[in-house]
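This report looks at a ligand site and at a few loop residues. Please view the sequence and the structure first.

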Amino acid sequence: MERRSDWYDHPEYYEAIFGTDTERELDFLLEVSRRYGTGGKRLLEPACGAGRLVAEAARRGLQVVGYDISEKMLAHARQRLTPAERRRVRLYPSRMEDFFRPELEGRVDLAFNLVSTFRYLDSEKAALEHLEGTRRLLHPEGLYVLGFHLTDYERRKAEHERWVEKLGKDTVVCNTHEGLPDRRLRRSAMRNRLRITGPGKNLLIETHWYFRTYDLTQARRLFRRAGLQVLEVFDFDYQVEAPRKRGEIRLDSIFVLRPV
Ligand SMILES: C[S@@+](CC[C@H](N)C(=O)[O-])C[C@H]1O[C@@H](n2cnc3c(N)ncnc32)[C@H](O)[C@@H]1O
């Protein structure tokens, strides 16, 4: 068996697992933008990865800026676009902590960052810099839709998720493991295993990293400090008709944020 150690060096397998809900996610984002924001056409995806949402938005005629720290993910994002889509898309290598483009200042209608990517920002300072930087790019009525799992610090068991998808003749099995949260260090140890098997192929890609942890109070305090107000919270089932009720506790959270 061949072994590798960074799933973002293998965008095709990452997308085989996480690319299955893309149309539904974009439907949700655009409906949220119509109901709570400007509904305008200028989109921004921080940490856009291999560009599944960027490509889908460009296919629908929207103008999209995306950026990511991984050159391999960006290369995949570039090559998947048709010439017509490419004219509507700008992709940059950049970190969430310091992305800035003067031509975007105050002009972005909808920024979005789903699937817990925000938790890669490993300190309060880094998270604040990212939120303030993104707020600066937003139109005054624009939105930042931020989806990530909140942490239950009382949890006593590790968490585990498993998905299986086909990619051509290959089978991709994805196992994600989140260890117990460390309340003091504000992080939990993450492990992802992608096992790819097929004709002449037997590959294991095992990735380790830390995710920063937030409970609801910590998240709300950070948004306030960054000058962003929470307009609504949704669950990861992308039901725009069913925002979370006041007092209802769920960990999978999509925050709809707007500059104060
Ligand atoms: C889970 S993927 C999400 C990709 C894309 N947003 C999606 O929904 O498919 C996380 C992405 O975050 C990128 N990333 C991690 N830390 C980053 C940082 N500090 N700045 C920019 N990108 C980062 C990784 O390279 C990877 O492409």
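## A buried threonine in a loop

Thr117 is buried, because its relative accessible area is 13%, under the 20% cut-off. The model is a predicted one. Thr117 belongs to the loop that joins strand 5 (108–113) and helix 6 (124–137).

The side chain of Thr117 has a backbone partner. One of its polar atoms lies 3.3 Å from the backbone oxygen of Leu114.

## Val115 in that loop

Val115 is also found in the loop between strand 5 and helix 6. Its phi is near 45°. That is a positive value, and the residue is not glycine.

Is Val115 buried, partly exposed or exposed? It counts as partly exposed, because its relative accessible area is 32%. That value falls between the limits of 20% and 50%. Thr117, by contrast, is buried at 13%.

## Tyr238, a second positive phi

Tyr238 has a phi near 55°. Here too the value is positive in a residue other than glycine. Tyr238 sits in the loop between strand 11 (228–234) and strand 12 (252–259).

Tyr238 has a relative accessibility of 11%, so it counts as buried. Val115, with its positive phi, is partly exposed at 32%.

## The ligand and its shell

Where does the ligand sit? It occupies the largest pocket. It is surrounded by 18 residues. The closest are Glu45, Ala47, Arg52, Asp68 and Met96.

The shell is mixed in character. Nine of its residues are nonpolar, four are polar and five are charged.

## Polar contacts of the ligand

Which atoms of Arg52, Met96 and Glu97 come into play? Arg52 uses its side chain: an N or O atom there is 2.7 Å from an oxygen atom of the ligand. Met96 uses its backbone, with an N or O atom 2.9 Å from a ligand nitrogen. Glu97 offers a side-chain N or O atom, and this atom is 3.2 Å from a nitrogen atom of the ligand.

The ligand exposes 600 Å² when taken alone. The protein buries 94% of that area.

## In brief

The ligand lies in the largest pocket, with 94% of its exposed area buried by the protein. Arg52 and Met96 are among the closest residues. In the loops, Val115 and Tyr238 have positive phi values. Thr117 is buried, and its side chain pairs with the backbone oxygen of Leu114 at 3.3 Å.

Key: Residues numbered from 1 in each chain as written. Predicted model: local features only at pLDDT ≥ 70, side-chain atom pairs only at ≥ 80, totals over all residues. Heavy atoms only, no water. Near = heavy atom within 4 Å. Polar contact = N/O pair within 3.5 Å; in protein donor to acceptor, adjacent residues only side chain to side chain. Areas by Shrake-Rupley, 256 points an atom, 1.4 Å probe, with all protein chains shown as cover. 1 Å grid on protein atoms, 1.4 Å probe; cavity = no way out; pocket = protein on both sides within 12 Å on 5 of 7 lines; lining within 4 Å. Sits in = over half its atoms within 2 Å of the grid points. Nonpolar A, V, L, I, M, F, W, Y, C, P; charged D, E, K, R; others polar. Helix = DSSP H or I, 4+ residues; strand = E, 2+ residues; numbered from the N terminus. Buried < 20%, exposed > 50% of the residue type's maximum accessible area, 1.4 Å probe, protein only.
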